[in-house]
Amino acid sequence: MTDLLDSLLGGLALGAVYALVALGFVVIFKASGVLNFAHGSLLLFGGYLVAVLHDDLGFAGALALAVLVTAALAGALDRFLLQRGGHDAHSAHVQTIVTIGIDIVLLTELARRIGGDLLTLGDPWGDAVTELGPVTVADSRLAAIAVSAVVIAGVFALFRFTPWGLSLRAAAEDTEAAALMGVHLGRVRAGAWCLAGALAALAAVFLAAFPAPGLERTTGQIALNAFPAAILGGLASPTGALAGSLVIGLTEALVVGYQSELHMLGDGFGDVAPYAVMLLVLLVRPNGLFGAKGAARV
Amino acid sequence: MSDRIRALLTRRRATLLTVAVLLCLPPFYLDAFWLRIGLFSMAAAIGAIGLALLSGTAGQLSLGHAFFLAVGAYGYTWLAGDPGPGLPTALAVPLAVLMAGLAGGLFSPVAGRVKGIYLGIATLALVFLGHHVLLTAESVTGGFNGRSVPPLSLGGFTFDADRELTVLGVPFGAEERLWFLGLALFALTWFTARGLLRSRPGRALAALRDSETAAAVMGVDVARHRSAAFVVSSMYAGLAGVLLALAFRRVVPDYFGLVLSVDYLAMIVIGGLGSVAGATAGAVFVTALPLLMTRYADQLPLVAAPGSAEGAVGPTEAARYLYGAAIVLVLLYAPDGLHGLARRARDRLRRRRTPTTVPDTAVPSPPPPAAAARPKEHTP
Amino acid sequence: MNDRTTEARADATRTTKTHAGGTSTTAPPELAVRDITVRFAGLTALDGVSFTVAPGSVHALIGPNGAGKSTCFNVLSGLCRPASGAVTLGGTELTRLAPHRIAALGVARTFQNIVTTQGTVADNLMLGRHALTRAGFTASALRLPGARREQREHLARAREIAELTGLGAHFDSPVGLLSYGDRKRVELARALCLEPRVLLLDEPVAGMNAAERARTAEVVAELRAELGLSVVLVEHDMGLVMRLADEVTVLDFGRPIAHGTPDEVRRDPEVLRAYLGTDATDATGEDAA
C-alpha cells in the first residue's frame, strides 16, 4: 500500500514535469503547426544555464536568467530561422524537419560541454524529504507538483484571458482567417515559442533534481517522453497534454515501482514505458485519447 | 528521330558501363580506410534510398529507421549464428530482409493511419522500444555487448580475410571482398527503387504526399499504400542493416539509437527529398564526413584530434555541427538539396550549349501548399 | 486486386472500345441520390438532397456559394460520409465505400481549386489510370515485363486523352509550368483517364478566359456524345450550364429548392430569390456568381 502511494506520488510529480514540457510542445504546435523536435535540447540548454550560473547568481537568479534566455533562444529560432519558411501547412512540415537539424547542432554542442559530467543545479531542496503520513516524499517532488500546478494554471489563464491567448486560439483554428482579422501571426508564433522555451527550462530543473543524480547530457532525451504525452492528448489540446502527461508519468512510476513483478519486461522498462503506452493508444485511436483535431486524419 | 533515341540509349548504356567499371576499381588501388568509407557509404545509401521512398516520396516522416536497420543486422546475425538456427548465411540475408519487412508490416496499423510528420513521433517508439529489446533479449541479441557477426559465404566464397586471396596481384582482404558485395546490393537497390518511383506505385505514393484527397478519388487505397511504403522502406533498411553488420563484424545495441535514425533523415534531406541519386549523395556526405574529419583532424583548423582534452571540438562533433547546419540551410534555402543543385547546374550547362525556347524546367515547381490542395469545403 | 477493380477494368475496356468504334452499346448506370443529409459540427451542410442522374445525361447542380454543392460532390466521391441517405450507382450503394472503391466503380471527379500532383502532365494522367492498372510494388521494383507492358499501353491511352483535351503538346511538361487553364484541363484529363462512367466536374471553367471556357465546354459536349458517360456539373457560369445541362438541381443553404430542365429552372421564382434575394424577374442566363 505504501509502495503504491509512493509510486502514485512519484508519478504525479513526474507527470507534472512532463506536463510543463508537453504543454510547450502543444503551444508550439498550435501556433505554428510545427512539431518541435528540438524541444529536448532546449530543455537541456535551460538546465545547463542553471548549472553554470547558480554559483554566481544563486539558484533563483540562475533559474530566472535561464528561463529568460531559453525563452529568447526559442523565440529567436522561430523568428529568424523557421518563419522564413512561411505559415502554411506544407511549410510547417518542412520546419518540423528543420527543428531536427537545430536539435543536432544544439545537442552536440551541449553534450560536448557537459561531457560525461553530472551537473548539480544548486536547487534549495537538495535531498530533503517530508513525511506525509505513511509515505516519505522528496521535497523536490512536492516542489515539482506545486510549481507545475501554479505555472500550468498561469499558462491556461494566459490562453483564456489575454489578447495573445485569443490570437493563438484564432490562429490555431484558421491561420488565414486569423491573419485577415489582423492577428500578427509572426508575433503570436514567436510568443508561443518563447513560452515553450521558458517552460522547458523550468522543467529541466525538476528533471535534474533529487532523486535524479543531476543534469547529464541525456536529460534532454528524458524530455522526449513528453512527446507521447502530447500525442496521447491529441497534440492540439493543452488539457489533453495535461491528462496525457499524468497518464505517462503515472505509468512510468508504477512500472518502476513494480519492477520486480514486471521483470519479464526487462530492466529499465520504465524508461520506455511511455512509448509502449503511446503505441497501444495509437493502435486503437490514431487521433490520440482526447484528439479531435491533429494527428492522423484519414 | 528513332536514330537519335537509339544514340541516346547507347550513350546512357555507355555511361552506365563506365560508372560500373569505375566503381569496381577502388579495391585495386585504395587502402582499407577508404574502402571502409565506401562500404559504409554504400550501406547507408541503401538505407537512405529506402527512407527517401517513405519520407521523400510518400511524405511519411520516420524516425524509426534505425530500428529496421537493427532488425536486418540482428536478424542476419541470429539466423546465421549460434545461438540461433544457424542457417546458411546466403539464406540468412534474404530472410533478414524479409524479417525487417515483416516488422514494418506489423507496424502498419499505425503506419497506414498516422500521416506525415505525426508518424515521426509514433516511430520514436520503435527506436526506444527496439533498443530496450536489444538490451534485454540477451539470448538472441547478446545484450549490451552485442554479438559477433558470422561472415557471409556464397557458394564456398567467404567475405572475410580468412583464406588468402590475390586478384591481379592485389591481396583481397575482407574490405576488398565486401566492396563488391556492397556494390551488387547497392546496384540492386538503385535498380528497384528507380523502377518503383517511375511506375504505378511510385506515382500513387507521390500523389498521396501532394494531395491525399486527389490520390483517393483517383483510386489509390490510401492506408494500403502508406503501409506498403513503410514495409518497402523497412526492407531496404533491413538490407542496409545486413551489410553494415557484415562490415562491422559485430552488432551492438547502442549503435541503433535515435541518433542513427536522425542521421538517415539528414542524408535524405541533404540529398534532396525523394530522389534516389540525392539520397545516395546525402548518404555518402553524412557517412564519409566524420570518418574523413577523424582521419585528417590534425590538419583541420578548429578541430581537435580524437581523444584530446575533454570539451574540445572533436571530429565527430565537428561533423555533426556541419550536417545539422546543412539540414537547416538546405531546407530553408535549397529545398531540393544536393540533387536539385546538381540538376540546376546540369541544366545551366545544357542551356549554354543549346539555347532553347522551352520554359526553364529546372525551376522546381513549389509543391502546392497542403491547405490549397484540399477541396474547399470541409472533408472530415 | 479485387473484384470491383476487375469489373471496372472490364467496363473501361468496353468504354475504350466504344470510344474507338464510335458505337455506343452500354449506357452508364443510373446515379441516384436519395435524401442525403450532412452535418458538420452542428451545421447542416446538406439537408435531404435527392436527385437522379439519368444514364448519359448532363446534370447540373447550381446554387449560391455555400449552398452545399461541393459537399454533395464529396459525398458522391466518398470523401464525406452523410448522416443519412443513400447514393446508388446502378445497384451499388456508394455511401459506405472508401473513395478509392468508388473510383474503381468508374466515378471520377475534378476539384474546384486545382489539385494536381508534382511531376509532368503524363505523371498526373497516369495517376488517373491507377484504378485500371495493377502493377504492384514487387512487379514495378523488379521491372517485370508485364508491368512494363502495362505501363506502355496505358501511357499510350493517356496520350490519346491528352490529345482529346488539348494537352497533347504539354504531355511531358511539368504541371507546375502550365497556365491556369491548362492545369484545370489536366484535372479534367486525369479524371477522364479513369475511363469513368460518371464524371463529376466541380466548376470546370472557373477562372478561365472566354476562349478556354468555350474549349472546355466543347470537350465536355464531345465526351458526352462520344463516350456516352453521365456528367454531374457544378458551375457558376450559367451560360455553360444552360448550354450543356439536360437537367438542373438548385441548392440553397443545403436544401434543394428547384429541379427541372434549364428552362424550367430559369423561370422558377424560388431560384431567383435564392440568387438575388429579391423577386427580380429578368436576371437569368447571366453569370450569377
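Two strands pair if DSSP finds at least two bridges between them. This rule is needed for the opening view, which shows two paired strands in a predicted model.

**Hairpin of strands S1 and S2 in chain A.** Strand S1 (residues 129–132) and strand S2 (residues 135–138) of chain A run antiparallel and are joined by 4 bridges. One of the bridged pairs can be picked out by name: Val129(A) has Ala138(A) in S2(A) as its partner. Between the two strands lie 2 residues. In this hairpin, Gly133(A) has a positive phi near 60°.

**Open sheet of chain C.** The sheet is built from 6 strands, and following them across gives the order S6-S7-S8-S3-S9-S10. Its pairing is mixed. Strand S6 (107–109) and strand S10 (255–260) of chain C are the edge strands, and each of them pairs on one side only. Direction ignored, neighbouring strands are turned by 15° against each other on average. Inside the sheet order, S8 is followed by S3. Strand S3 (residues 58–62) and strand S8 (residues 230–234) of chain C run parallel, with 4 bridges between them. Opposite Ala60(C) stands Leu233(C) of S8(C). Strands of a sheet pair through backbone hydrogen bonds, and the pairing is either parallel or antiparallel.

**Crossing of helices H3 and H13 in chain B.** Two packed helices are described by the angle between their axes and the distance between the axes. For helix H3 (residues 32–57) and helix H13 (residues 258–271) of chain B, the axes come within 9 Å and cross at roughly 75°. Angles of 65 to 115 degrees count as roughly perpendicular, and H3(B) and H13(B) are therefore roughly perpendicular to each other. On H3(B), the residues in contact are Ala44(B), Gly47(B), Ala48(B), Leu51(B), Ala52(B), Ser55(B) and Gly56(B). On H13(B), they are Tyr264(B), Met267(B) and Ile268(B). Sorted by class, this contact has 7 nonpolar and 3 polar residues, and no charged ones.

**Two annotated transmembrane spans of chain B.** An unreviewed UniProt entry annotates several stretches of chain B as "transmembrane region", among them residues 61–79 and 117–135. In the model, residues 61–79 of chain B are 79% helix and 0% strand, and the end C-alpha atoms of this span lie 30 Å apart. Residues 117–135 of chain B are 100% helix and 0% strand, with end C-alpha atoms 28 Å apart.

**Contact between chain B and chain A.** Chain B gives 39 residues to the contact, and chain A gives 38 residues. On the side of chain B, the elements giving two or more residues are helix H6 (108–111), helix H7 (117–136), helix H12 (222–248), H13 and helix H15 (315–333). H7(B) has the largest share of this side, with 11 residues. The side of chain B that touches chain A has 28 nonpolar, 6 polar and 5 charged residues.

**Contact between chain C and chain B.** Here 40 residues come from chain C and 34 residues from chain B. Among the elements of chain C that give two or more residues are helix H2 (69–76) and helix H6 (145–164). The side of chain C divides into 19 nonpolar, 17 polar and 4 charged residues.

**Boundary between the two domains of chain C.** Domain 1 of chain C has the bounds 1–106 + 196–215 + 222–279, and domain 2 covers 120–194. The contact joins 16 residues of domain 1 to 11 residues of domain 2. Helix H1 (3–21), H3 and helix H8 (210–227) of chain C each supply at least two residues of the domain 1 side. H1(C) supplies the largest share of that side, 4 residues.

Terms used
Residues are numbered from 1 along each chain as its sequence is written. Chains are lettered from A and ligands numbered from 1 in the order in which they are written. This is a predicted model: local features need pLDDT of at least 70, side-chain atom pairs count only at pLDDT 80 or more; totals for chains, interfaces and linings use all residues. Axes are lines fitted to C-alpha atoms, for helices over the stretch in contact, and angles run from 0 to 180 degrees between N-to-C directions. Angles under 35 degrees count as roughly parallel, over 145 as roughly antiparallel, 65 to 115 as roughly perpendicular and the rest as oblique. Two residues are in contact if their C-beta atoms, placed from the backbone, lie within 7 Å. Ala, Val, Leu, Ile, Met, Phe, Trp, Tyr, Cys and Pro count as nonpolar, Asp, Glu, Lys and Arg as charged, and the others, Gly among them, as polar. UniProt positions are given in the numbering used here, feature names are shortened, and annotations may be inferred rather than shown by experiment. Domain bounds come from an automatic or database domain assignment.
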